[in-house]
Amino acid sequence: TCHVDFTVIGNMARQAGLRIFGPVGQGDYLRQLGIDARAEQLARTSPARAQEVEAARLRLTGEDAMGTLFRAMAWIHPDWADPAGFDPPPA
């Protein structure tokens with residue numbers, strides 16, 4: 001964990017010719033990757049741990065927890081496909 005100036009890093013990546021995605025909150029990123037469906041599946045297959053799974057999901061994605069405190073950003077080659085977990089950057 002560290003404090004990151006996403007604007008500076010994003011600008012440097014753009015200058016290097018990379019495409020930038022994000023930054024987005026960790027909660028949004030994990031939801032795009034399917035954390036809700038995965039947590040639901042885990043809770044179904046292990047009912048005794050359902051509360052633990054839900055608490056972990058909320059800790060990772062909740063706006064009052066890590067969901068907005070932590071952020072994600074991707075830098076990719078212009079020819080690569082859009083990365084999972086991110087909406088396409090504005091044109």
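Among contacts in the protein chain, meaning heavy atoms within 4.5 Å, 72% of those between residues at least 6 apart in sequence join residues at least 24 apart. This is a predicted model, in which local features need pLDDT of at least 70, side-chain atom pairs count only at pLDDT 80 or more, and totals for chains, interfaces and linings use all residues. Residues are numbered from 1 along each chain as its sequence is written, and side-chain values use heavy atoms, with hydrogens and water left out.

**The whole chain**

Colour the protein chain by secondary structure, and 5 helices and 2 strands should appear; helices (H or I, at least four residues) and strands (E, at least two) are DSSP runs, numbered from the N terminus. Followed from the N terminus on, the elements run α-β-α-α-α-α-β. The protein chain is more spread out than a compact globule, because its radius of gyration is 16 Å, well over the 12 Å that the globule rule gives for 91 residues; the radius is taken over C-alpha atoms, and the rule is 2.2 Å times the number of residues to the power 0.38. If you turn the C-alpha trace along its principal axes, it spans about 50 × 30 × 20 Å.

Next, switch on the surface of the protein chain, whose accessible area comes to about 6500 Å², with 56% of it belonging to carbon and sulfur atoms; such areas come from the Shrake-Rupley method with a 1.4 Å probe, and for residues only the protein chains shown count as cover. Of the 91 residues in the protein chain, 24% are buried, where buried means under 20% relative accessible area, exposed over 50%, and partly exposed in between (1.4 Å probe, protein chains only).

**Helix α4**

Select residues 50–61, which form helix α4, and find R57 there. Is R57 buried or exposed? With a relative accessible area of 17%, R57 is buried. The side chain of R57 makes a polar contact with the side chain of D36 at 2.9 Å; a polar contact is a pair of N or O atoms within 3.5 Å, where, within protein, one must be able to donate a hydrogen and the other to accept it, and residues adjacent in sequence count only if both atoms are side-chain atoms. Leaving aside neighbours within four places in sequence, R57 is in contact with I35, D36, A39 and G62.

Now move to T61, which is also found in helix α4 and counts as buried at 4% relative accessibility. Which residues does T61 contact, leaving aside its neighbours within four places in sequence? They are G27, L30, R31, I35 and G67.

**Strand β1 and its cis bond**

Select residues 19–25, strand β1, where P23 is found. A cis peptide bond joins G22 and P23, with omega about 10°. Most peptide bonds are trans.

**Two exposed stops**

Select L69 in helix α5, which covers residues 66–69; at 62% relative accessibility, L69 counts as exposed. From there, draw a distance to R44, which is 25 residues away in sequence and, C-alpha to C-alpha, 29 Å away in space.

Finish at D87, in the segment after β2 (71–76), which is exposed with a relative accessible area of 53%. Not counting residues up to four places away in sequence, D87 touches F21 and Q32. The C-alpha atoms of D87 and Q32 are separated by 8.8 Å, although the two residues are 55 residues apart along the chain.
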